[in-house]
Amino acid sequence: MVNRLKNKTAIVSGAAQGIGLAIATAFVDEGARVALVDIDGRRGREATSALALRGAEVCFVEADVADSTAVDTMVAQATERLGAPNVLINNAGIVVFRDPLDTTAEDWRHCFAVDLDGVWNCSRAVLPHLLRHGRGDIINIASVHASQIIPKCFPYPVAKHAVIGLTRALAIEYADRDIRVNAISPGYIGTEIVERIFASALDPDKLRAETNALHPVKRIGRPEEIAAAAVFLASDEARFLTAQNIVIDGGRSVVFHQ
Ligand code: NAD
């Protein structure tokens, strides 16, 4: 399908690679203008140039989503270049996996600064534009860690649980002004975050095979499979859908026991 997002302007955080880049690419393919945002300026500019070469209306803004002042500047710059946003994808995120009592104050703050404050900083900066449009969408990329717990993965799931709380709260606050707020919770998706987890194992190939086997569909997911859901949520096909969390994990979270 093409042009399901024609006349929409989206801001995608964490868009230099992985799920964020797949979302930016899918949005461009559906006719949207896209501001790619990332803390990694080099990769962000490369990714944006590659999309621009395909004729897409895109721009790159380097920003740390944890820094609210930088986020306000980022939204102003994106608006100047592409027009006021009517879709925000809060995708930027980091993994902080620790044993609870080994978690330092810095670990805790860094995890919450990016994974939760980042979502709020961007939402707060974009919401006035959505309210002026009288319509809009916020899509938060949470995780299966927002509802499941894997030991020694602390405090990431705490922040991701809170992302669902923020999604539901903002959805209800703004529902009567036609602003929809939804979350997508990916399971294992083949991106650098997951490759780093595999690489840190004693036997990465064994861990990869075991991880594939954990899934009813016998494989992990692809970034494009998350992007397809984001396109749907931002499209006019989803106008009655708000305050929800769509879990995309190949059926894994439904299994109680092997
Ligand atoms: P990734 O590490 O491949 O990409 C994340 C991007 O975010 C990078 O380009 C990085 O530079 C950027 N980023 C990190 N901190 C930032 C900051 N402070 N400000 C701006 N940009 C920042 O990760 P991914 O696998 O594509 O994950 C994307 C999102 O999906 C994250 O929120 C992650 O928690 C979530 N998620 C991923 C998986 C998975 O299996 N890959 C599963 C569940 C949830």
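**Close-ups of the ligand site**

**View 1. Valine 65 meets the ligand through its backbone.** In this predicted model, a polar backbone atom of valine 65 lies 3.0 Å from a nitrogen atom of the ligand. Taken on its own, the ligand would expose 820 Å², and the protein buries 94% of that.

**View 2. Two side chains reach ligand oxygens.** Here we look at aspartate 38 and tyrosine 156. An N or O atom in the side chain of aspartate 38 sits 2.6 Å from an oxygen atom of the ligand. For tyrosine 156, an N or O atom of the side chain is likewise 2.6 Å from a ligand oxygen. Both residues also turn up among those that come nearest to the ligand, together with Asn91, Ile189 and Thr191.

**View 3. The ligand takes up the largest pocket.** The space it fills is the largest pocket of the model, and 30 residues stand around it. What kinds of residues make up this shell? They split into 16 nonpolar, eight polar and six charged.

**View 4. Helices H1, H5 and H6 help build the shell.** At least two shell residues come from each of helix H1 (18-29), helix H5 (156-174) and helix H6 (192-199). Which element gives the largest share? That would be H6, with four residues.

**View 5. Two domains share the ligand.** Pull back a little and the shell turns out to draw on both domain 1 (9-186 + 222-248) and domain 2 (190-220). Each of the two contributes at least three residues to the surroundings of the ligand.

Terms used:
Residues are numbered from 1 along each chain as its sequence is written. This is a predicted model: local features need pLDDT of at least 70, side-chain atom pairs count only at pLDDT 80 or more; totals for chains, interfaces and linings use all residues. Side-chain values use heavy atoms; hydrogens and water are left out. A residue is near a molecule or strand if one of its heavy atoms lies within 4 Å of it. A polar contact is a pair of N or O atoms within 3.5 Å; within protein, one must be able to donate a hydrogen and the other to accept it, and residues adjacent in sequence count only if both atoms are side-chain atoms. Accessible areas come from the Shrake-Rupley method with a 1.4 Å probe; for residues, only the protein chains shown count as cover. On a 1 Å grid over the protein atoms alone, a cavity is a set of points where a 1.4 Å probe fits but cannot get out, and a pocket is an open set with protein on both sides within 12 Å along at least five of seven lines; lining residues have an atom within 4 Å of a point. A molecule sits in a cavity or pocket if more than half of its atoms lie within 2 Å of its grid points. Ala, Val, Leu, Ile, Met, Phe, Trp, Tyr, Cys and Pro count as nonpolar, Asp, Glu, Lys and Arg as charged, and the others, Gly among them, as polar. Domain bounds come from an automatic or database domain assignment.
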